[in-house]
Amino acid sequence: CPCVPTEGAMMDNRFATALVIACVLSLISTIYMAASIGTDFWYEYHTLSPAENVTEAGRGIWEEFVSKDADEKTYTDALFRYNGTVGLWRRCITVPKNPHWYSPPATFSFFPPPETDMTTNCISFSLSDQFVEKYIEPGNHNSGTDLNRTYLWRLQFLLPFVSIGLMCFGALIGLCACACRSLYPAIATGVLHFLAGLCTLGLVGCYVAGIELLHRKLPLPEDVRGEFGWSFCLACVSAPLQFMAAALFIWAARTNRKEFTLLKAYRVA
């Protein structure tokens with residue numbers, strides 16, 4: 001750590017304010033990234049038909065959904081039918097709490113159908129699921145490997161952790177700079193935050209591309225609407241916050257260093 005004690009004493013309020021704002025932006029972006037990774041609302045499906053109208057065939061679909069052997073086509077069909085949500089780690093559907101005791105309402109009745117309690121069933125992607133190959137025809141293992149979707153899926157799993165790791169490493173360098181009473185190491189912190197922003201931006205791009213390619217293989221039914229959820233929005237907001245924090249760290253360190261060098265040269269002269 002390049003310790004220059006006198007440089008820390010020369011820092012004026014402009015640079016201190018820039019560092020404080022950069023630290024706040026870095027903290028907010030870290031919280032947003034952690035929240036987006038840990039939640040399941042990256043993409044949401046909304047069906048226009050009532051989710052509680054479960055037929056025997058429908059029961060079989062969502063029972064296969066909870067199976068660990070469910071392939072991509074099986075769980076995607078269940079997501080379409082039962083208001084599913086997809087995260088980086090889990091997939092969820094909304095189904096009746098007691099489907100075996102429920103029958104769809106009759107076409108005509110003097111009495112309104114009973115309300116059905118709904119529950120959310122979630123299945124986590126295992127570590128092996130994150131690196132499993134995607135097929136050209138989802139669910140058909142004999143159709144060959146779809147390399148584009150395979151690597152997009154793997155990148156969208158790895159990039160958020162790389163992003164958070166870079167920001168944490170940048171925070172350690174910042175603590176080292178504080179201990180040494182030097183502002184110059186903040187340049188490294190800014191560079192790491194810039195790289196973290198690129199990773200977050202890559203994550204967003206990979207996820208959007210992966211969803212679009214999946215829907216080309218498995219088009220949405222006419223009565224199903226898909227949209228990006230708030231977890232995805234948190235990741236989208238995190239990227240510009242990381243870039244802004246990086247710019248402030250680099251600006252404060254370089255400008256303070258330049259002014260300190262000029263002042264030192266003036267005193268020597």
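Leaving aside its neighbours within four places in sequence, which residues is Q242 in contact with? Keep that question in mind while we walk through the model, which is a predicted one.

Begin with the overall plan. The protein has 8 helices and 5 strands. Follow the chain along its sequence and the elements come in the order α-α-β-α-α-β-β-β-α-α-α-β-α. Contacts often link distant parts of that sequence. Take the contacts with a separation of 6 or more: 79% of them join residues 24 or more positions apart.

Now look at inside and outside. The protein has 269 residues, and 41% of them count as buried. The exposed surface comes to about 14,700 Å². Carbon and sulfur atoms supply 64% of that surface.

Next, go to the largest nonpolar core. This core holds 37 residues. M33, W42, Y45, F65, L79, I93 and Y207 touch the most other members. Several elements give two or more residues to this core, including helix 2 (13-38), strand 1 (43-47), helix 4 (72-81) and strand 3 (90-96). Helix 6 (147-180), helix 7 (186-217) and helix 8 (230-268) do so too. Helix 7 gives the most, with 9 residues. Apart from this core lies another, of 12 residues. Among its members are A18, L25, L241 and F249.

Zoom in on W42 from the largest core. Do not count residues up to four places away in sequence. W42 then touches S36, V86, G87, L88, L203, Y207, F228, G229, S231, F232 and A235.

Back to Q242 and the opening question. Q242 lies in helix 8. Is Q242 buried or exposed? Its relative accessible area is 0%, so Q242 counts as buried. With its neighbours within four places in sequence left aside, Q242 is in contact with S29, M33, S163, M167, H193, A196, G197 and T200. One of these partners, M33, also appeared above among the residues that touch the most other members of the largest core. S163 deserves a second look. The side chains of Q242 and S163 make a polar contact, at 3.2 Å.

Finally, turn to empty space. Rolling a probe the size of a water molecule over the atoms shows where such space is left. The second largest pocket has a volume of about 380 Å³. Its lining is made of 20 residues. Which of them lie nearest its centre? They are A70, D71, Y75, D129 and V132. Helix 4 and strand 4 (118-124) are the elements that give two or more residues to this lining. Helix 4 therefore has two roles to trace in the model, since helix 4 also gives residues to the largest nonpolar core.

Definitions and conventions. Residues are numbered from 1 along each chain as its sequence is written. This is a predicted model: local features need pLDDT of at least 70, side-chain atom pairs count only at pLDDT 80 or more; totals for chains, interfaces and linings use all residues. Side-chain values use heavy atoms; hydrogens and water are left out. A nonpolar core is a set of buried Ala, Val, Leu, Ile, Met, Phe, Trp, Tyr and Cys residues joined through side-chain atoms within 4.5 Å. Buried means under 20% relative accessible area, exposed over 50%, partly exposed in between (1.4 Å probe, protein chains only). Helices (H or I, at least four residues) and strands (E, at least two) are DSSP runs, numbered from the N terminus. Contact means heavy atoms within 4.5 Å. Accessible areas come from the Shrake-Rupley method with a 1.4 Å probe; for residues, only the protein chains shown count as cover. A polar contact is a pair of N or O atoms within 3.5 Å; within protein, one must be able to donate a hydrogen and the other to accept it, and residues adjacent in sequence count only if both atoms are side-chain atoms. On a 1 Å grid over the protein atoms alone, a cavity is a set of points where a 1.4 Å probe fits but cannot get out, and a pocket is an open set with protein on both sides within 12 Å along at least five of seven lines; lining residues have an atom within 4 Å of a point. Grid points are joined across faces, edges and corners, and a volume is the space filled by probe spheres set on the points.
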